[in-house]
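Thanks for coming. I will go through one chain today, starting with its overall form and then turning to a single helix.

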Amino acid sequence: MNINDFISKKRDGIPISMVTSYDSWSAKLIAASDVDCILVGDSVSMVLHGHSTTLPVDTRQMAVHVEAVRRGAPESFIIGDLPFLSFRMGMEKSMENIAVLMRAGANAVKLEGAAGNLELIRHTVDSGVPVMGHLGLTPQSINRLGGFRVQGRGKEAADRILDDAQSLQEAGCFSIVLEAVPGDIAGSITTGLNIPIIGIGAGIDVDGQVLVLQDLLGLTAEFKPKFVRNFLDGASLVKKALNDYHHEVTERSFPGKTEWYE
Ligand code: KIV
């Protein structure tokens with residue numbers, strides 16, 4: 001997949017699949033699958049680092065994860081998430097942060113929200129860096145939104161997201177993630193735009209879907225919002241494997257004869 005495939009897939013009505021990765025070994029597994037592209041999301045803050053929000057990660061940490069993912073998936077289209085406030089620091093410092101993620105191996109960057117970001121998006125795109133937008137539930141604004149909750153309910157709120165989506169398209173974004181927005185609103189935004197809308201908790205009438213890998217694999221057993229489908233019962237399988245290992249160690253049946261050096 002490359003940048004041109006985003007528009008051609010939308011034009012041809014072929015849904016785009018995106019999944020998160022933060023490390024080399026999962027990136028390698030994703031690269032060997034049919035999944036279209038990889039997002040190194042700032043959800044890493046919650047999923048890997050155990051924070052309750054995405055706010056604590058910074059550009060340096062995101063770059064470490066982008067580098068790892070690139071090593072595991074040398075040919076994949078990788079989008080690096082710009083962390084909290086890293087793109088709100090004035091043109092010069094924000095561009096430095098974007099450069100850090102691109103030099104770490106990203107093919108594009110993603111940033112949350114439209115208001116106050118349009119000039120930076122235009123400059124970034126003009127500088128040769130594709131930008132993915134992110135609207136609806138924007139987790140970096142958790143303190144302003146008052147919680148992880150559905151956005152765009154009611155005409156005024158829905159119109160605001162549509163206006164923001166159009167502004168992002170006009171500023172040059174190649175695609176937009178739409179998170180936790182009612183399906184009918186997401187559908188009309190998708191129809192009204194030329195660039196692909198990638199949904200998460202935004203229903204089926206969008207141009208593609210994104211999920212956090214650990215949610216998709218059922219590894220985050222305690223986190224199961226309505227929009228997550230577990231395509232594997234990962235937590236149970238991993239627990240069983242760990243218990244099998246423990247029992248075979250304690251019973252001295254691991255390692256077996258072929259599993260050590262003569
Ligand atoms: O950080 C992330 O993983 C994301 C996706 C949930 C869209 O932004």
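What radius of gyration would a compact globule of 262 residues have, and what does the chain have? The globule would come out near 18 Å, and the chain has 20 Å, which agrees. Please keep in mind that this is a predicted model.

The C-alpha trace spans about 65 × 40 × 35 Å along its principal axes. In secondary structure, the chain has 11 helices and 8 strands. Of the contacts with a separation of 6 or more, 56% are between residues 24 or more positions apart.

Now to burial and surface. Buried residues are 48% of the 262. The accessible surface is about 13800 Å², and carbon and sulfur atoms hold 54% of that. As for charge, there are 24 positive and 32 negative charges, and their mean positions lie 3 Å apart.

Next, one helix. Which residues of α2, residues 24-31, are buried? They are S26, A27 and I30. These three cover an arc of only 105° around the axis, so they sit on the same side of α2. The general background is that an α-helix has 3.6 residues a turn, so residues three or four places apart point the same way.

What covers that buried side? The cover includes two strands, β1 (16-20) and β2 (37-40), and two helices, α4 (59-72) and α10 (213-216). On the face of α2 turned away from the buried side, the exposed residues are W25, K28 and L29.

That is the helix, and I can take questions now.

Methods: Residues are numbered from 1 along each chain as its sequence is written. This is a predicted model: local features need pLDDT of at least 70, side-chain atom pairs count only at pLDDT 80 or more; totals for chains, interfaces and linings use all residues. Side-chain values use heavy atoms; hydrogens and water are left out. Helices (H or I, at least four residues) and strands (E, at least two) are DSSP runs, numbered from the N terminus. The radius of gyration is taken over C-alpha atoms; the globule rule is 2.2 Å times the number of residues to the power 0.38. Buried means under 20% relative accessible area, exposed over 50%, partly exposed in between (1.4 Å probe, protein chains only). Contact means heavy atoms within 4.5 Å. Accessible areas come from the Shrake-Rupley method with a 1.4 Å probe; for residues, only the protein chains shown count as cover. Lys and Arg count as positive and Asp and Glu as negative; His and the chain ends are not counted. The place of a charge is taken as NZ of Lys, CZ of Arg, CG of Asp or CD of Glu. The arc is that of the directions from the helix axis to the C-beta atoms.
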